[in-house]
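I opened this entry to keep track of what I looked up, strand pairing to begin with. The notes follow the order of the look-ups.

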Amino acid sequence: MNEIEVRNLTKKFNGFTAVDHISFDVKKGAIFGLLGPNGAGKSTTMRMLCTLTKPTEGSAKVAGYDIVSEDAKVRDHIGLVAEKLIMYNELTAWENLKLYGKLYNLPDDKLEKRVDKLLKYVRMEKWKNARVGTFSTGMKQKINVIRAMIHEPEILFLDEPTLGLDPQSTVEIRELIRRINLELGTTMILTTHIMVEADMLCNRIGIIDKGRIVALDTSPNLKKLVSGGVQTMEFEIPNLSSEMLSEIKGMSSVVSVVQEKDTHLKVRTRGENTFDALLEVIRKHGGKIRTVRNLEPTLEDVFIHLTGREMREETASKNSAGRRHRRFMSGRVR
Amino acid sequence: MKLKNVISHSFWICWKDLVEFSRSKMRVIMLVLMPLFMMSMVGFIFPSNNTISNQPVAIANMDTGYEVHNPVNNTSTHIYMSQTLISQIEYVNNQTGMMKLSSAKDFEEIKARIQNSELSAGIIIPENFSTNLMQGKQGYVQIVTDQSNPQLSATMQILLDKTINAIGTQVAMYNLNKTYNISFNYTIAYVKPYNVEYRGIVEGNTNYFQFVAPGIIALTLMMSVMTGLPHAISYERDVGTLDGMLIAPISRLSIILGKVLAQTIRGLIQAAIIFALAVFLFGVTIQGNILLAIALILLTVYSFVGLGILITSFSDREETATMVMMTLMFPMMFLSGVFFPIQQMPDYMQVVAKFLPLTYATTALRKVMVLGADVSAIWFELTVLLAFGTVLLAIAVPVFKKAMTR
């Protein structure tokens with residue numbers, strides 16, 4: 001069953017098309033990723049689906065309700081973790097959660113129980129009565145996520161949920177997102193410009209560029225787009241000989257061989273069991289293998305393959321150096 | 001049920017705003033300091049009469065006197081009415097200490113000394129001063145002032161009015177003497193040719209604070225809804241927390257209502273502080289019905305809410321909101337008779353003032369607080385405020401709802 005159905009959704013701002021006829025479905029309980037550089041239209045898509053802005057064209061159904069004509073009903077079923085924190089620094093964690101509980105008409109007794117349960121869920125019970133302003137960014141984001149879950153929404157929108165977090169918090173938040181999805185069965189849409197994040201969390205990924213979805217599939221399938229079934233391996237052989245090299249080049253399963261420095265070989269192969277065959281050839285020539293790496297294509301490669309551009313260049317032009325650095329860091333955490 | 005939800009949601013939004021506000025020590029301090037500063041500031045920068053002292057003023061007496069021919073012994077004497085004027089000025093000055101008097105030769109000298117900052121003003125008594133007065137014409141005196149100090153020239157005018165009035169007495173005495181040949185010395189009482197008397201319509205002395213306190217209360221309330229509201233909402237929009245409210249299944253009306261409520265409570269606290277300061281620190285006596293004053297204060301808030309919401313809707317960012325507010329606020333501040341009576345302004349400005357709701361709020365509040373007026377005396381102001389608020393709200397609410405889902 002589809003929890004979200006998007007059809008030709010379009011948003012124009014003063015003639016500029018931010019989102020250009022995008023369509024996709026999200027199954028109940030799935031995590032759908034929108035991956036793309038800044039300004040690609042991810043956030044605008046999210047804001048339309050959250051009823052925060054009206055589409056110029058097209059339609060979408062969230063939890064079975066139309067986002068324009070039934071926007072009030074949509075709001076009952078969704079939670080939002082936006083790029084900016086939705087919480088008040090001067091208020092305590094409890095007061096923040098209470099406010100939103102009250103806006104969702106939770107009665108007092110139920111509200112307190114729910115808040116305690118959620119705080120326990122993120123192991124922050126002892127911070128209940130501390131002001132949010134004193135929290136670290138990672139702690140704030142945890143409260144922000146459970147704030148969005150206060151009314152147990154079926155669908156959670158996560159717009160760049162790890163933006164600006166330190167590496168450890170990034171791991172924790174990703175873990176939290178996965179736990180909520182698995183344990184509560186919450187359907188999620190997640191936007192990110194971090195390849196690893198999309199790869200780790202999402203069942204299906206839509207790669208979005210300049211307002212259009214340029215590819216939409218599971219992560220392994222997207223990677224096949226780039227490789228076309230070709231596997232790349234990198235060997236470091238200190239006693240590399242020219243005989244060995246020419247025999248490898250002559251193998252039927254080998255597509256190409258590139259020698260980097262004196263000792264490094266980048267071998268692209270096609271077919272089953274090619275690794276065994278390669279090892280045999282190297283051993284036969286008395287070759288010693290110091291290291292070997294399997295170079296799987298990343299989603300980054302997919303993006304370059306599809307758009308002909310790198311994603312980080314786009315990111316760099318829009319953000320301050322400090323923020324860029326943090327993004328870069330969080331992008332490298334595995 | 002729906003209405004109950006709107007009220008409950010707006011209550012919690014208001015609660016949030018006030019808790020947030022009360023946690024910021026600086027803002028709480030400012031809430032109290034602002035009216036205190038405002039009250040004492042206006043007391044000093046808009047001086048009343050007694051704040052002028054020791055201003056250097058020169059008198060150029062060019063009076064040649066009035067020649068009186070005595071047919072009995074065929075001699076003639078000169079009467080110098082200017083002497084009377086000067087001694088009156090000196091007398092008044094001794095009591096008030098407003099001026100430091102000196103004498104000057106003529107206009108040129110006074111002009112030069114004003115330009116050198118040696119003088120604040122000069123008084124020129126022309127050659128035919130006595131002649132004019134004695135012949136029943138109007139005696140006139142020229143006041144030369146430092147144009148950068150209009151307040152002083154206004155004060156000088158009042159002072160000279162008083163002294164010329166006193167001279168009227170002298171003229172009366174002289175005429176009696178001349179007509180009936182009664183010596184000055186035998187005169188016990190005389191009727192002045194004219195007499196001016198001031199009398200207030202309520203008991204007690206009025207001072208500038210009495211005039212300005214109701215105006216400042218109205219101004220503060222206007223500011224708290226007109227600037228506080230757009231500021232609060234566009235700030236939340238900028239930092240992203242507004243999305244949290246917009247995405248919740250609550251009416252857009254609850255958001256405005258909650259914010260208005262919070263701003264109103266803050267405004268009322270400030271109004272109460274001003275009220276207390278005015279009464280206990282600046283000796284203002286309140287004449288009117290307190291309940292009517294409170295009702296009027298709430299109506300003032302109501303009349304400005306629509307305007308505040310409109311500004312919010314049109315401002316995409318906090319910065320824009322601040323600029324729009326400032327542009328609208330300054331004319332309101334100075335043209336609505338908060339600090340100066342509207343009657344002092346030129347006619348065309350008085351027309352402008354008639355279009356500003358703050359004018360009516362200020363006038364009505366002043367009538368109630370200072371003059372002890374009841375509803376019948378302010379029904380016109382009440383109607384205008386009610387109409388203004390209703391019309392603007394009717395425009396603002398749909399505009400706001402639309403602006404929130406751009």
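Which residue in E5(A) is the bridge partner of Val62(A)? I found Tyr65(A) in that place. I note here that the model is a predicted one.

**Strands of chain A**

I then looked up how E4(A) and E5(A) are joined. E5 covers residues 65-66 of chain A, and two bridges tie it to E4(A) in an antiparallel arrangement. The hairpin of E4(A) and E5(A) has two residues between the strands. I checked phi there and noted that Ala63(A) has a positive value, near 55°.

Next I looked up the pairing of E4(A) with E1(A). E1 spans residues 2-13 and E4 spans residues 57-62 of chain A. The two strands run antiparallel, with five bridges between them. I picked out one pair: Glu5(A) has Lys61(A) as its bridge partner in E4(A). E4(A) thus appears in my notes twice, paired antiparallel with E1(A) and with E5(A).

**Domains of chain A**

I looked up the domain assignment for chain A. It lists domain 1 as 2-224 and domain 2 as 238-289. For the separation of these two domains of chain A, I noted 47 Å between their C-alpha centres.

**Side of chain A that touches chain B**

How many residues does each chain give to the contact? I noted 24 residues from chain A and 21 residues from chain B. On the chain A side, the elements that each supply at least two residues are helix H2 (71-77), strand E6 (78-81) and helix H3 (93-103). H3(A) gives the largest share of that side, five residues. I also sorted the side of chain A that touches chain B by class: 15 residues are nonpolar, two are polar and seven are charged.

**Chain B**

I turned to chain B and noted 15 helices and six strands. Chain B has 406 residues, of which 36% count as buried. I then took the contacts in chain B between residues at least 6 apart in sequence, and 77% of these join residues at least 24 apart.

The last look-up was H11(B), residues 290-314. Why should this helix span 36 Å? The helix has 25 residues at 1.5 Å a residue, so 36 Å is the expected span, counted over one less than the number of residues. The end C-alpha atoms of H11(B) are 37 Å apart, which agrees. I also noted a kink of about 30° in H11(B), and Phe304(B) is at its centre.

Methods. Residues are numbered from 1 along each chain as its sequence is written. Chains are lettered from A and ligands numbered from 1 in the order in which they are written. This is a predicted model: local features need pLDDT of at least 70, side-chain atom pairs count only at pLDDT 80 or more; totals for chains, interfaces and linings use all residues. Domain bounds come from an automatic or database domain assignment. Helices (H or I, at least four residues) and strands (E, at least two) are DSSP runs, numbered from the N terminus. The bend at a residue is the angle between axes fitted to the seven residues ending there and the seven starting there. Two strands pair if DSSP finds at least two bridges between them. A residue is buried if 20 or more other C-beta atoms lie within 10 Å of its own, exposed if 12 or fewer, and partly exposed in between; C-beta atoms are placed from the backbone. Two residues are in contact if their C-beta atoms, placed from the backbone, lie within 7 Å. Ala, Val, Leu, Ile, Met, Phe, Trp, Tyr, Cys and Pro count as nonpolar, Asp, Glu, Lys and Arg as charged, and the others, Gly among them, as polar.
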